[in-house]
Amino acid sequence: GQRNTSSAPDLTEQTLIAVKPDGVQRRLVGKIIQRFEQRGFKLVGLKMMRVSDDLLAQHYCELRAKPFYPSVLQYMTSGPVVVMVWEGHNVVQTSRSMVGLTNPVDASPGTVRGDYGTHVSRNVVHASDSLEGAQREIKLWFQGEDLVTWECCDRTSLCEP
Ligand code: GDP
Ligand code: MG
């Protein structure tokens, strides 16, 4: 997403959401996609994959010094993930509130982690935490040509023009 230079709401902001291995194993992919669709966001990228150590190390570079970092890497490469790019007005911040706090014990009911998370190391989803983080992560996980540009038919129903 570009930064908003006009007064018009930025409908092109993008964020990276990933269903982690526990979410895939527990058959939660459909429910998670449904939440983002229902919130009015536009899906512009989607793939299932096994994550390489190299990609994960770049994705979680900020966690390198944490004691739990090795277990995060081991867990995230233990099975396939489903990674997505969602687009829409304030999608980064809204996604974080839809996903809930990192530790499921702190995540409010109604959030993905508050409804499905079982442990801080098994919290079902990843969501980018800032606009800059989202742009960095999207470039890491998706090639430009893997993102799809398309028009939503209901643009004026989602936002003031
Ligand atoms: P997030 O942005 O809410 O996902 O949280 P962070 O970026 O701080 O951490 C990335 C991921 O590392 C989290 O989603 C957790 O799965 C994992 N993590 C964070 N803190 C802990 C911890 O204290 N213990 C373990 N085992 N995992 C953690
Ligand atoms: Mg994070």
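This report describes a predicted model of one protein chain with a bound ligand, moving from the annotated domain to the core, two helices, the ligand shell and some single residues.

## Domain and core

An unreviewed UniProt entry assigns residues 12-149 to the annotation "domain: Nucleoside diphosphate kinase-like". Across residues 12-149, helix accounts for 40% of the chain and strand for 17%. The end C-alpha atoms of that stretch are 10 Å apart.

The largest nonpolar core contains 27 residues, and those touching the most other members are Leu16, Ile17, Ala18 and Val125. At least two residues of this core come from each of β1 (14-19), α2 (29-38), β3 (81-87), α5, α6, β4 and α7 (131-141). Strand β3 makes the largest contribution to this core, with six residues.

Alanine 18 illustrates how these parts meet. Apart from residues up to four places away in sequence, alanine 18 touches Val81, Val82, Val83, Val125 and His126.

## Two helices and their buried sides

Helix α5 spans residues 91-99. Its buried residues are Val91, Val92, Ser95, Met98 and Val99. Viewed down the axis of α5, these buried residues fall within an arc of 125°, so they line one face of the helix. The elements covering the buried residues of α5 include β1, α2, β3, α6, β4 and α7.

Helix α7 has Ala134, Glu137, Ile138 and Trp141 as its buried residues. Because they cover an arc of only 105° around the axis, they sit on the same side of α7. Packing against the buried residues of α7 are β1, α3, β3 and α5. On the face turned away from the buried side, α7 carries the exposed residues Glu132 and Lys139.

Leucine 55 belongs to helix α3 (residues 53-59). Leucine 55 is partly exposed, because it has 15 C-beta neighbours inside 10 Å. Along the chain, leucine 55 and glutamate 137 are 82 residues apart, and their C-alpha atoms are separated by 9.9 Å.

## The ligand shell and histidine 126

Around ligand 1 stand Leu63, Phe68, Ser71, Val72, Thr102, Val120, Ser121, Asn123, His126 and Asp129. This shell comprises four nonpolar residues, five polar residues and one charged residue.

One residue of the shell, His126, bears the feature "active site" in an unreviewed UniProt entry. Histidine 126 is part of strand β4 (residues 125-127). Because 20 other C-beta atoms lie within 10 Å, histidine 126 is buried. With neighbours within four places in sequence set aside, histidine 126 is in contact with Ile17, Ala18 and Lys20.

## Residues with positive phi

Most residues other than glycine have a negative phi. Two residues other than glycine depart from this pattern here, arginine 27 and asparagine 90. Glycine 100 has a positive phi as well. The table sets out the three residues.

| Residue | Phi | Location | C-beta neighbours within 10 Å | Exposure |
|---|---|---|---|---|
| Arginine 27 | near 60° | loop between α1 (21-25) and α2 | 8 other C-beta atoms | exposed |
| Asparagine 90 | about 55° | loop between β3 and α5 | 18 other C-beta atoms | partly exposed |
| Glycine 100 | near 90° | loop between α5 (91-99) and α6 (112-116) | 24 C-beta neighbours | buried |

Arginine 27 is exposed because only 12 or fewer other C-beta atoms are allowed for that class, and arginine 27 has 8 within 10 Å. Asparagine 90 lies in the loop that leads from β3 to α5, and with 18 other C-beta atoms within 10 Å it is partly exposed.

Glycine 100 follows α5. Glycine 100 counts as buried because it has 24 C-beta neighbours inside 10 Å. Neighbours within four places in sequence excluded, glycine 100 is in contact with Ala107, Ser108, Thr111, Val112, Arg113 and Gly114. Glycine 100 and glycine 30 are 70 residues apart along the chain, and 18 Å separates their C-alpha atoms.

Definitions and conventions: Residues are numbered from 1 along each chain as its sequence is written. Chains are lettered from A and ligands numbered from 1 in the order in which they are written. This is a predicted model: local features need pLDDT of at least 70, side-chain atom pairs count only at pLDDT 80 or more; totals for chains, interfaces and linings use all residues. A residue is near a molecule or strand if its C-beta atom, placed from the backbone, lies within 6 Å of it. Ala, Val, Leu, Ile, Met, Phe, Trp, Tyr, Cys and Pro count as nonpolar, Asp, Glu, Lys and Arg as charged, and the others, Gly among them, as polar. UniProt positions are given in the numbering used here, feature names are shortened, and annotations may be inferred rather than shown by experiment. Helices (H or I, at least four residues) and strands (E, at least two) are DSSP runs, numbered from the N terminus. Two residues are in contact if their C-beta atoms, placed from the backbone, lie within 7 Å. A nonpolar core is a set of buried Ala, Val, Leu, Ile, Met, Phe, Trp, Tyr and Cys residues joined through C-beta atoms within 7 Å. The arc is that of the directions from the helix axis to the C-beta atoms.
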